[in-house]
Amino acid sequence: MNRLSCARNAGFTLLELLTVIAIIGIFMGLLFSALSGAKMTAKKKQAEVEAESIAMAVRAYYLDFHKWPGDPDGDRTWSNDNHFVISDLVSNGRKVYIERTALGSPYCDPFGSGTNAYRILITNNTIYVWSMGVN
C-alpha cells in the first residue's frame with residue numbers, strides 16, 4: 001500500500017460527521033432543558049427566602065411599634081396594600097427593616113413581576129407573604 005491510498009482513507013465520511021453533529025445536538029438539548037429547570041427552581045427558592053424575610057421584618061416592626069406596617073392608626077388587623085407595608089419596612093423614621101437593593105427598590109420579584117409582586121396578608125396576628133409567581 002502506498003502513501004497516497006493511506007492518506008485518502010484517513011478522513012471522516014459525511015455520514016459520520018452528521019451522526020456526531022446530531023448526537024451533540026441531542027446532548028445540548030438535554031443540557032438546556034435541565035438548566036432551565038434548575039433556573040426555575042432557583043427562582044422559586046429565592047421567592048421563598050424573600051417572602052420569609054418580609055414576614056420576619058413585619059413581625060419585628062410589630063414588636064417595635066405595636067401596630068402593623070402600613071397601618072398609620074393601628075386599628076386594622078390586616079393589610080394587603082403591600083406597597084405601603086414595604087415602604088414602612090424600608091423607611092419609617094426609626095429603623096430600617098428591609099434594605100433597598102441596588103435597583104433602589106426592596107425585593108424585586110425573581111419572576112420579573114416588578115417590585116410590587118409580593119402580597120402580604122395579616123389576619124389574627126398571623127402573617128402570610130407570597131409571591132405572585134410567573135406571569
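Let's start with tyrosine 62, which is partly exposed at a relative accessible area of 29%. This residue belongs to one of the two aromatic pairs counted here, in what is a predicted model. The protein chain around these rings has three helices and two strands.

**The two aromatic pairs**

- A pair of aromatic rings is described by the distance of the centres and the angle of the planes.
- The count for this model comes to two such pairs.
- In one of them, the ring centres of tyrosine 61 and phenylalanine 65 lie 4.5 Å apart with planes at 35 degrees, so this pair is tilted.
- Tyrosine 61 and phenylalanine 65 sit four residues apart in helix α2 (residues 14-65), so about one helical turn separates them.
- Tyrosine 61 is buried, and phenylalanine 65 is buried too.
- Tyrosine 62 pairs with tryptophan 68: their centres are 4.2 Å apart and their planes meet at 25 degrees, so the pair is stacked, as the angle is under 30 degrees.
- Tryptophan 68 has 7% relative accessibility and therefore counts as buried, whereas its partner tyrosine 62 is partly exposed.

**The chain as a whole**

- Along the sequence, the elements come in the order α-α-α-β-β.
- The protein chain has 135 residues, and 24% of them count as buried.
- About 9500 Å² of the protein chain is exposed, with 61% of that area supplied by carbon and sulfur atoms.
- Take the contacts between residues at least 6 apart in sequence: 51% of these join residues at least 24 apart.

Methods. Residues are numbered from 1 along each chain as its sequence is written. This is a predicted model: local features need pLDDT of at least 70, side-chain atom pairs count only at pLDDT 80 or more; totals for chains, interfaces and linings use all residues. Side-chain values use heavy atoms; hydrogens and water are left out. Buried means under 20% relative accessible area, exposed over 50%, partly exposed in between (1.4 Å probe, protein chains only). Contact means heavy atoms within 4.5 Å. Accessible areas come from the Shrake-Rupley method with a 1.4 Å probe; for residues, only the protein chains shown count as cover. Rings of Phe, Tyr and Trp (its six-membered ring) pair if their centres lie within 6.5 Å; planes under 30 degrees apart count as stacked, over 60 as edge-to-face and the rest as tilted.
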